[in-house]
Amino acid sequence: MRRFALLIALALSLGVVIMSFAPNVSLAGPEGALASAITAQAKAATPTKVEANRTITIAMFLVIIAITLGVVVWAASRTKTTADFYAARGAITGTQNGWAIAGDYMSAASFLGIAGLISLYGYDGFMYSVGWLVAYVTVLLIVAEPCRNAGKFTMGDILSFRSNPKPVRAAAAISTVAVSTFYLTAQMVGAGKLMELLIGIPFKFAISGVGALMIVYVVFGGMIATTWVQIIKAGLLMTGATVLCVMVAAKAGFNPVQFFSDVATNPQIKDWVQIQLLKDAIPKEGFDYGQRFLEPGLLLKDVWDQISLGMALVLGTAGMPHILMRFFTVPTAQAARKSVIIAMFIIGTFYILTTLLGFGSAINVSPQIIYAVDKGGNMANMLLAQMLGNQIAPFLGDFLLAFLCAVAFATILAVVSGLVLAASAAISHDIYVNIIKGGHADQSEQIRAARITSLIVGFVAVVIGIAAERQNVAHLVALAFAVASSGNLPVVVLSLFWRRFNTAGIVAGLLIGTIVSIGLVLVSPNMIYPKVVAAGAQKIVTALETKEKGGAVLTEQEKAELVKAKAQYQENKDGTSSMGLDKPWFPLKNPGIVSIPVGFLAAIIFALIFRSKKEEDAFDELYVRQNTGVGVAKAIQH
Amino acid sequence: MAQKQEDWAAIARNPKFIEIHKRKTAFLFGWWIFSTVYYFLLPIGAGAAPGFFSIKVIGTINVGYLFALSQFFVSWAIAIYYASWATRVSDRLTNELIDELKLR
């Protein structure tokens with residue numbers, strides 16, 4: 001216990017040191033270049049940029065770090081067995097677990113990204129957010145309760161219930177680690193970029209700081225600490241969103257009709273839609289560009305891609321290992337049910353509030369400024385908070401912005417901790433204890449293995465995150481959902497509901513679903529295709545040269561653009577994508593529409609070819625148990 | 001699993017268990033399909049009938065916005081309805097089965 005406290009104190013001081021030295025490094029180091037480039041860019045277009053008050057922000061970060069480390073100390077003293085470490089000994093209540101699921105699920109991308117999409121593209125951003133909630137209907141109706149009743153610590157436990165455990169656990173661990181790594185890398189890189197943008201902490205420091213905290217939470221506090229970090233985060237997130245929403249709504253006199261009329265009549269939004277989104281140099285006669293912002297089609301143009309993404313969300317959320325794992329922390333199926341319903345209300349309310357924040361920032365801040373500060377719109381909420389706070393009192397603007405930065409920070413910590421725990425559980429519980437040790441390892445050895453694995457997984461996540469700084473990671477979240485929906489979900493559902501399902505089906509479904517998803521993303525438009533980039537640059541060159549030949553004098557900015565486009569063309573004209581392709585082979589960004597049916601078919605066909613009488617006979621036990629919960633309490637103590 | 005071996009096949013053949021199985025399957029998959037179809041109407045509708053989505057209903061608020069918003073309420077309604085159905089039907093039947101067979 002004293003050793004834990006010492007290590008925690010060490011991590012805390014490390015965090016403080018990193019944060020307090022950050023400003024100097026950011027000014028001196030090469031990492032500062034990006035931040036200042038962003039600042040310069042923002043300055044060129046508009047006078048606005050996000051500038052968090054460093055003292056208040058870091059003070060709030062320290063408060064969050066102190067509270068969560070307090071939780072870790074408390075949780076560490078209660079983490080003695082593997083049941084404590086992986087499943088918080090099944091003692092989390094339905095309500096607590098509901099908040100924890102919401103905290104596990106809503107990433108910084110939900111908090112900052114969706115509001116940003118709405119502020120830049122209007123209605124389509126809102127439509128995009130819907131699938132993230134509807135996904136929970138699948139979790140509620142199909143997987144939550146059976147998983148609670150049939151599982152123990154990991155997805156591998158459910159799948160190996162009546163099958164040949166070694167190959168099944170190995171395949172389950174591979175797909176769990178794949179999903180977690182993709183998701184975790186996207187989160188880590190996002191965290192680094194965000195901290196850099198918000199308070200100027202350099203990328204490597206930010207990732208190392210987040211990584212150190214996440215390792216401390218998981219290694220010492222296991223599931224108990226992770227759960228409470230997620231609950232605290234969900235509370236902070238909902239508080240932040242609600243406060244900001246009240247301020248936005250107050251501007252429209254708490255009248256939704258007035259609010260949307262403000263959107264449709266806002267001159268800057270009209271201008272933005274006309275010039276930036278629809279590229280109409282001269283306004284079309286009688287066309288209502290403001291109203292257009294509230295209509296579909298400004299961002300999501302390909303219906304098939306949206307259907308494909310929708311399938312990945314609706315089926316993938318229910319196959320996410322870190323979400324499945326949350327159902328092992330509650331004592332009964334009833335508590336699992338209650339927790340999903342509570343999570344649905346929290347998550348749904350959050351997305352509805354996000355709509356108001358997104359449209360609210362479009363009205364109050366303007367899409368032009370939001371885009372100038374960050375092309376993805378990620379700073380919309382931050383700019384809104386700063387502006388609305390400043391209108392009341394300058395201190396309040398700083399305070400609100402600092403609070404939202406702290407919320408984003410807590411959000412990142414909660415999500416990455418859940419992912420590290422899920423990946424570690426798959427490696428230590430499925431691979432080490434059940435495959436290498438054949439299930440024969442005593443409690444102290446198991447829990448040591450769990451802690452060492454978490455440490456390694458966390459460390460590797462930091463290294464991958466730093467290595468991926470300049471990589472395009474946006475597609476990794478889509479990839480994680482694709483693997484979860486095409487690999488994991490089919491075999492979980494078929495294991496629980498189909499008598500004839502068996503080992504061959506599970507292994508084939510997991511591996512083929514995973515490989516096909518990854519393969520399709522590798523040849524999809526998510527990747528960078530130099531020849532496509534070159535063609536785009538060539539267009540700019542042609543346009544500007546034509547203009548010049550026509551006798552027009554190019555502005556300084558256009559001349560610079562021409563030089564840049566020419567260089568870009570030269571650099572890319574002979575290149576191919578990392579898969580050696582000239583252009584995407586698969587037309588959609590989201591592979592779900594193909595990979596999900598392939599995953600299901602592979603699982604079914606292999607199960608039918610390699611029938612197993614023994615596994616079919618064992619179905620009765622699994623089916624009775626998953627429906628009735630008989631034997632659950634005993635299974636936990638086992 | 002180190003515990004008393006139940007005769008699982010016999011429980012699975014118990015008429016009460018078969019009733020639980022049938023009613024749960026119908027309810028869960030039925031409502032899941034409803035929810036999924038309702039959800040996919042959103043992207044399909046936005047792509048295929050943008051004109052319909054653009055019809056103004058109250059002030060500048062249009063069909064598209066209300067339809068997207070309704071997705072949240074439909075999901076919540078299914079969740080609440082399921083919770084009440086489960087308490088009334090499946091939990092009750094399951095408890096009756098457990099008592100009848102003395103499974104606890």
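**Salt bridges, interface and fold of a predicted model**

Trainee: Are Asp430(A) and Arg169(A) buried or exposed?

Mentor: The model is predicted, so to say: local features need pLDDT of at least 70 and side-chain atom pairs count only at pLDDT 80 or more, while totals for chains, interfaces and linings use all residues. Residues are numbered from 1 along each chain as its sequence is written, chains are lettered from A and ligands numbered from 1 in the order in which they are written, and side-chain values use heavy atoms, with hydrogens and water left out. The terms are set by relative accessible area: buried is under 20%, exposed is over 50%, and partly exposed lies in between (1.4 Å probe, protein chains only). Asp430(A) and Arg169(A) are both buried.

Trainee: How many residues apart are Asp430(A) and Arg169(A)?

Mentor: These two form a salt bridge, with the closest N and O atoms 2.5 Å apart. Asp430(A) sits in helix α19 (residues 394–436) and Arg169(A) in helix α9 (residues 165–199), so the pair links distant parts of the chain that are separated by 261 residues. A salt bridge is defined as a side-chain nitrogen of Lys or Arg within 4 Å of a carboxyl oxygen of Asp or Glu. The separation asked for is 261 residues.

Trainee: Which residue forms a salt bridge with Arg499(A)?

Mentor: The N to O distance in this bridge is 2.9 Å. Arg499(A) is partly exposed, at 37% relative accessible area. Its partner is buried, at 12% relative accessibility. The partner is Asp620(A).

Trainee: Which residue meets Asp84(A) in a salt bridge?

Mentor: Asp84(A) is buried, with a relative accessible area of 4%. The partner counts as partly exposed, at 40% relative accessibility. The two side chains meet at 2.8 Å, N to O, and the partner is Arg89(A).

Trainee: How many salt bridges lie across the interface of chain A and chain B?

Mentor: Over all chains the count comes to 19 salt bridges. Across the interface, Arg337(A) and Asp91(B) meet in a salt bridge at 2.9 Å, N to O. Arg337(A) and Asp91(B) are also linked with Glu145(A) in a network of salt bridges. The number across the interface is 1.

Trainee: What area is buried between chain A and chain B?

Mentor: Contact means heavy atoms within 4.5 Å, and it takes 53 residues from chain A and 55 residues from chain B. Buried area is the accessible area (1.4 Å probe) that two parts lose on being put together, summed over both. Carbon and sulfur atoms give 73% of this area. The area is about 5000 Å².

Trainee: Which helix gives the most to the side of chain A that touches chain B?

Mentor: Between the chains there are 13 residue pairs in polar contact, both residues being at pLDDT 80 or more. On the side of chain A, α7 (123–150), α11 (256–265), α14 (303–316), α16 (333–364) and α27 (619–628) each supply at least two residues. A polar contact is a pair of N or O atoms within 3.5 Å; within protein, one must be able to donate a hydrogen and the other to accept it, and residues adjacent in sequence count only if both atoms are side-chain atoms. With 14 residues, the helix that gives the most is α7(A).

Trainee: Which residue of chain B is in contact with Gln306(A)?

Mentor: Gln306(A) is placed in helix α14 of chain A and counts as buried at 11% relative accessibility. Leaving aside neighbours within four places in sequence, Gln306(A) is in contact with Met127(A) and Leu300(A), among others. The contact in chain B is Pro43(B).

Trainee: How many helices are there in chain A?

Mentor: Helices (H or I, at least four residues) and strands (E, at least two) are DSSP runs, numbered from the N terminus. Of the 638 residues of chain A, 61% count as buried. Chain A has 0 strands, and its helices number 28.

Trainee: What is the phi of Ser366(A)?

Mentor: Most residues other than glycine have a negative phi. Ser366(A) lies in the loop between α16 and α17 (367–373) of chain A, and is buried, with a relative accessible area of 0%. The phi of Ser366(A) is positive, near 90°.
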